[in-house]
Amino acid sequence: MKILHLLASPRQAASNTWWLSRQIVERLAAQHAQAEVILRDLYASGIAHVDAAYADALGSPVAFDGSDAGQGTLTLSDRLIDELEQADQVVIGTPMHNYTVPSVLKAWIDHVVRVRRTFAITPDGKAGLLRDRPVHVVVVSGGRFTGAFARQPDFLTPYLKVALATIGLHDLRFTAMEGLAAGAQAVRNERERVAMELDRQFSRRWQT
Ligand SMILES: Cc1cc2nc3c(=O)[nH]c(=O)nc-3n(C[C@H](O)[C@H](O)[C@H](O)COP(=O)(O)O)c2cc1C
């Protein structure tokens, strides 16, 4: 059982995003004796933006036949897609940055949502080519974006749903910690609340 753990917080291991995504990784790993965790820390690895070779290959009107493989960031794209394809479960840890995903996570999406490789264009629109699998998405925010006290829009969760559904990943399971900018007590309260919620959810739904 391979778990791909993507981390998109600039604060890396000091972040609440790391803490919460590890809560899920640990619970998943505890259910599988042979679990292997592959961590891709998008800040630590300094993920590159897609480059001209990549855009040329994807924008070409002829089918991409692999002849451009090895050029520019296509190599990185190949590696990231392989990593995703091999994962049985995916855990994405992301803070909210300006109402949506941080730019490093957008860069990862640009590499893995790739025409003729992870999705096809059909007369009915785009069709995902990846096998569906559980994707646990952890969202951490300074303010609130759900419920009666939300004072900001949320472009993060709807965007991720559409972007990942494009490549065939429909089984998204969101967990959020919100309002952390209120201070240390708010962080403690949210950690306590979410740990209890995860214990309940894992014993009920996420047995695989
Ligand atoms: C560039 C940037 C943009 C941010 N934009 C938002 C935002 O739109 N909404 C929000 O609630 N919090 C926003 N935040 C706050 C983070 O979501 C917040 O600090 C969160 O707790 C991340 O925590 P972590 O780094 O401990 O994982 C932003 C933070 C940064 C650095």
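Contact here means heavy atoms within 4.5 Å. With that in hand, welcome to a set of close-up views of a predicted model.

**View 1. Helix α2 and its two sides.** Let us begin with the helix spanning residues 52–59, where Ala53, Tyr54 and Ala57 are the buried residues. Looking down the axis of α2, these buried residues fall within an arc of 100 degrees, so they line one face of the helix. The other side of α2 carries the exposed residues Ala52, Asp56 and Gly59. What lies over the buried residues of α2? The cover includes α3 (74–86) and α4 (103–112).

**View 2. The start of α2.** Here the residue to find is Asp51. One of the side-chain oxygens of Asp51 comes to within 3.3 Å of the backbone nitrogen of Ala53.

**View 3. The ligand and its shell.** There are 16 residues around the ligand, and those that come nearest are Arg11, Asn16, Thr17, Asn98 and Gly143. If you sort the shell by residue type, you get five nonpolar, ten polar and one charged.

**View 4. Polar atoms facing the ligand.** Three residues are worth picking out in this view. The side chain of Gln152 places an N or O atom 2.9 Å from an oxygen atom of the ligand. Ser9 has a polar side-chain atom 3.3 Å from a ligand oxygen atom. Gly142 takes part through its backbone, with an N or O atom 3.2 Å from a nitrogen atom of the ligand. On its own the ligand would expose 640 Å², and the protein buries 71% of that area.

**View 5. Glu83 in helix α3.** Is Glu83, a residue of helix α3, buried or exposed? Its relative accessibility is 17%, so Glu83 counts as buried, the cut-off being under 20%. Setting aside neighbours within four places in sequence, Glu83 is in contact with Leu4, Ile38 and Arg40.

**View 6. Gln12, a loop residue with positive phi.** Gln12 sits in the loop between β1 (2–7) and α1 (16–31). The phi of Gln12 is near 45 degrees, a positive value in a residue other than glycine. With a relative accessible area of 27%, Gln12 is partly exposed.

**View 7. Arg116, in the loop before β4.** Arg116 belongs to the loop between α4 and β4 (119–122). Although Arg116 is not a glycine, its phi is positive, at about 70 degrees. Arg116 has 31% relative accessibility and therefore counts as partly exposed.

Methods. Residues are numbered from 1 along each chain as its sequence is written. This is a predicted model: local features need pLDDT of at least 70, side-chain atom pairs count only at pLDDT 80 or more; totals for chains, interfaces and linings use all residues. Side-chain values use heavy atoms; hydrogens and water are left out. Buried means under 20% relative accessible area, exposed over 50%, partly exposed in between (1.4 Å probe, protein chains only). Helices (H or I, at least four residues) and strands (E, at least two) are DSSP runs, numbered from the N terminus. The arc is that of the directions from the helix axis to the C-beta atoms. A polar contact is a pair of N or O atoms within 3.5 Å; within protein, one must be able to donate a hydrogen and the other to accept it, and residues adjacent in sequence count only if both atoms are side-chain atoms. A residue is near a molecule or strand if one of its heavy atoms lies within 4 Å of it. Accessible areas come from the Shrake-Rupley method with a 1.4 Å probe; for residues, only the protein chains shown count as cover. Ala, Val, Leu, Ile, Met, Phe, Trp, Tyr, Cys and Pro count as nonpolar, Asp, Glu, Lys and Arg as charged, and the others, Gly among them, as polar.
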